[in-house]
Amino acid sequence: MDGELFELLVDSFGRILLPGLTVTIPLTVISFTFAMIIAVITAMIQFAHVRVLTQLARFYIWVVRGTPLLVQLFVVFYGLPNLGIVIDPFPAAIIVFSINEGAYCAEIMRAALESVPSGQMEAGYCVGMSYLQTMRRIILPQAMRTAFPSLSNSLIAMVKDTSLAANITVTEMFMATRQIVAWSYEPLALYIEVGLIYLMFCTVLTKLQSVGEKRLNVYESAGGK
Amino acid sequence: MLEVRNIRKAFGDLEVLKGVDLSVDTGEVVAILGPSGSGKTTLLRCINFLETADAGTMKFDEETFDLAHVSKRDAARLRKKTAFVFQNYNLFRNKTALQNVMEGLVIARGIPKAEAEQKAWAALEKVGLSDRADYYPSQLSGGQQQRVAIARAMATDPEIIYFDEPTSALDPELTGEVLSVMRQLAGEGMTMVVVTHEMGFARDVSNHVIFMEHGVVVEEGSSEEFFQHPKEERTRAFLRLFDEEE
């Protein structure tokens, strides 16, 4: 590798990482938080078979999962201005990622809720707890544990999906890389570099996942303590 | 204290309860016997509103309820006066033994944590499991889990405890430890309704026996009468089965 290219990579590392820390990560964290709120509510509505709302939940999941994320981004950012609704790139990305991820996580949560044996809810009733108390104290924590690996998977996928936000002018890592490529003409090295930074982020998340799983598994490990 | 009249329940075309009566006095231990599929468990589940009966009335503490149309609020209120022990324990899997016992005290009844913890310890002590307080259900044997479940049931000072085949999922060795806890409870005057296949327990501990088959009560009476002088031929045949076993 010649010295000039090496210098470019070192120089651009910080310039790619910075939007990673200030845009990619906040975008992921904020969107995933909203997505989880949407997911838990949507899953609980279906789990409890709340009339009308269950149909709405199914409709939401059907539409969101059946259309490309990129199309959703374009509809919100480039399409909505036609109706006079103009949203800045970053909030637009948050809205789309939250709604999109929420639908996938809702399905994960629904399956996890249904995997909790019905006896757990009955036992809650029988010790005098209400539906919501049992849900909050007994069912949701157990469902969370079941859902955790799949949710982690979704989160990791989402970190990478945020690169699509470049298409609606959000200056996240991929956009920053493209800008450097535009004047340096080193696409191979730079795109590999940004790929490695994504890999770094995801490695951290993978580690966090295994730590989290260990903590959540505490009550499932058979045998004495 | 508890009086159930003409309870009916069908699952689709299958009539599981065809008009069953049950009455329990304070301090009484009632054993419900019968072959599998006779509707014993369904009876118990309907009384505690885990299933909604199709018809029937229930009188509990001088209050009368229509079992087919009981409001959620009434069901919740009544459940706080009762306790239920399940065949497969149904301990909260994400809670330790102590937390399992405390949950109904702190969350459902709003008892301060310190007081609830004391009560929970006492209950665990009673079933001989205070040394397992910090264990999760997955770390306990079936017999221990069921004893924690009994501790959870009695910690709330219920007026009555319903037992749904509490030893059916246990091997004989573990059955003994659960039955002895139940004997002790009965000795202390706890009102109990026990669906069971344990003839010995029914004979020695219960005051009153109800024998069910195909959704109706075939015979009932004091446990002495029932075991010594069964009236119905069907009852005799049923009891013979167990004599042969013993």
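A pocket is an open set of grid points with protein on both sides within 12 Å along at least five of seven lines, and its lining residues have an atom within 4 Å of a point. Helices, for their part, are DSSP runs of at least four residues, numbered from the N terminus. With these terms in hand, the tour can begin; the model on display is a predicted one.

**Stop 1: chain A**

Select chain A and colour it by secondary structure. Eight helices and zero strands appear, and the order along the sequence reads α-α-α-α-α-α-α-α. Aligned on its principal axes, the C-alpha trace spans about 70 × 55 × 25 Å. Of the 225 residues in chain A, 45% are buried. When contacts with a separation of 6 or more are considered, residues 24 or more positions apart account for 77% of those in chain A. Display the surface next: the accessible area of chain A is about 11,600 Å², and 69% of that belongs to carbon and sulfur atoms.

**Stop 2: helix α3 of chain A**

Select residues 69-79 of chain A, which form helix α3 and include A:Val71. A:Val71 is partly exposed, because its relative accessible area of 40% falls between the limits of 20% and 50%. Measure from its C-alpha to that of A:Asn100: the two residues are 29 apart in sequence and 11 Å apart in space.

Move along to A:Tyr78, which also belongs to helix α3 of chain A. With a relative accessible area of 39%, A:Tyr78 is partly exposed. Show the residues around its side chain and backbone. Beyond its neighbours within four places in sequence, A:Tyr78 is in contact with A:Leu73, A:Asn167, A:Ile168 and A:Thr169. A:Pro89, eleven residues from A:Tyr78 in sequence, lies 9.9 Å from it, C-alpha to C-alpha.

**Stop 3: chain B**

Now select chain B. Its secondary structure consists of nine helices and ten strands. Its C-alpha atoms fill a box of roughly 55 × 45 × 30 Å along the principal axes. The radius of gyration of chain B is 18 Å, and this agrees with a compact globule, because a globule of 246 residues would have a value near 18 Å. Buried residues make up 55% of the 246 in chain B. Among contacts in chain B between residues at least 6 apart in sequence, 63% join residues at least 24 apart. On the outside, chain B exposes about 10,400 Å², with carbon and sulfur atoms supplying 45%.

**Stop 4: B:Lys95**

Centre the view on B:Lys95, in the loop between β6 and α3 (97-108) of chain B. Is this lysine, B:Lys95, buried or exposed? B:Lys95 is buried, because its relative accessible area of 11% is under the 20% limit. Show its contacts, leaving aside the neighbours within four places in sequence: they are A:Arg137 and A:Ile138 in chain A, together with B:Asn100, B:Glu103, B:Tyr136 and B:Pro137 in chain B. For a distance across the chain, select B:Arg8 as well; 87 residues separate it from B:Lys95 along the chain, and their C-alpha atoms are 36 Å apart.

**Stop 5: the largest pocket**

Select A:Met121, A:Tyr125, A:Tyr131, B:Lys72 and B:Arg79, the lining residues that lie nearest the centre of the largest pocket. The space here amounts to about 720 Å³, and the lining comprises 27 residues. Which elements supply at least two residues each to this lining? They are α5 (118-126) and α6 (131-161) of chain A, together with α2 (72-79) of chain B. Highlight α2 of chain B in particular, as it gives the most to the lining, with five residues. Coloured by residue class, the lining shows 16 nonpolar, five polar and six charged residues.

**Stop 6: the largest cavity**

Rolling a probe the size of a water molecule over the atoms shows where empty space is left. The structure holds three cavities of 30 Å³ or more, and the largest has a volume of about 60 Å³. To find the largest cavity, select its lining: A:Cys126 and A:Val127 from chain A, and B:Ala83, B:Phe84, B:Arg152, B:Ala153 and B:Thr156 from chain B. In chain B, β6 (82-85) and α5 (142-155) each supply at least two residues of this lining. By class, the lining residues of the largest cavity are five nonpolar, one polar and one charged.

Technical notes: Residues are numbered from 1 along each chain as its sequence is written. Chains are lettered from A and ligands numbered from 1 in the order in which they are written. This is a predicted model: local features need pLDDT of at least 70, side-chain atom pairs count only at pLDDT 80 or more; totals for chains, interfaces and linings use all residues. Side-chain values use heavy atoms; hydrogens and water are left out. On a 1 Å grid over the protein atoms alone, a cavity is a set of points where a 1.4 Å probe fits but cannot get out, and a pocket is an open set with protein on both sides within 12 Å along at least five of seven lines; lining residues have an atom within 4 Å of a point. Grid points are joined across faces, edges and corners, and a volume is the space filled by probe spheres set on the points. Ala, Val, Leu, Ile, Met, Phe, Trp, Tyr, Cys and Pro count as nonpolar, Asp, Glu, Lys and Arg as charged, and the others, Gly among them, as polar. The radius of gyration is taken over C-alpha atoms; the globule rule is 2.2 Å times the number of residues to the power 0.38. Buried means under 20% relative accessible area, exposed over 50%, partly exposed in between (1.4 Å probe, protein chains only). Contact means heavy atoms within 4.5 Å. Accessible areas come from the Shrake-Rupley method with a 1.4 Å probe; for residues, only the protein chains shown count as cover.
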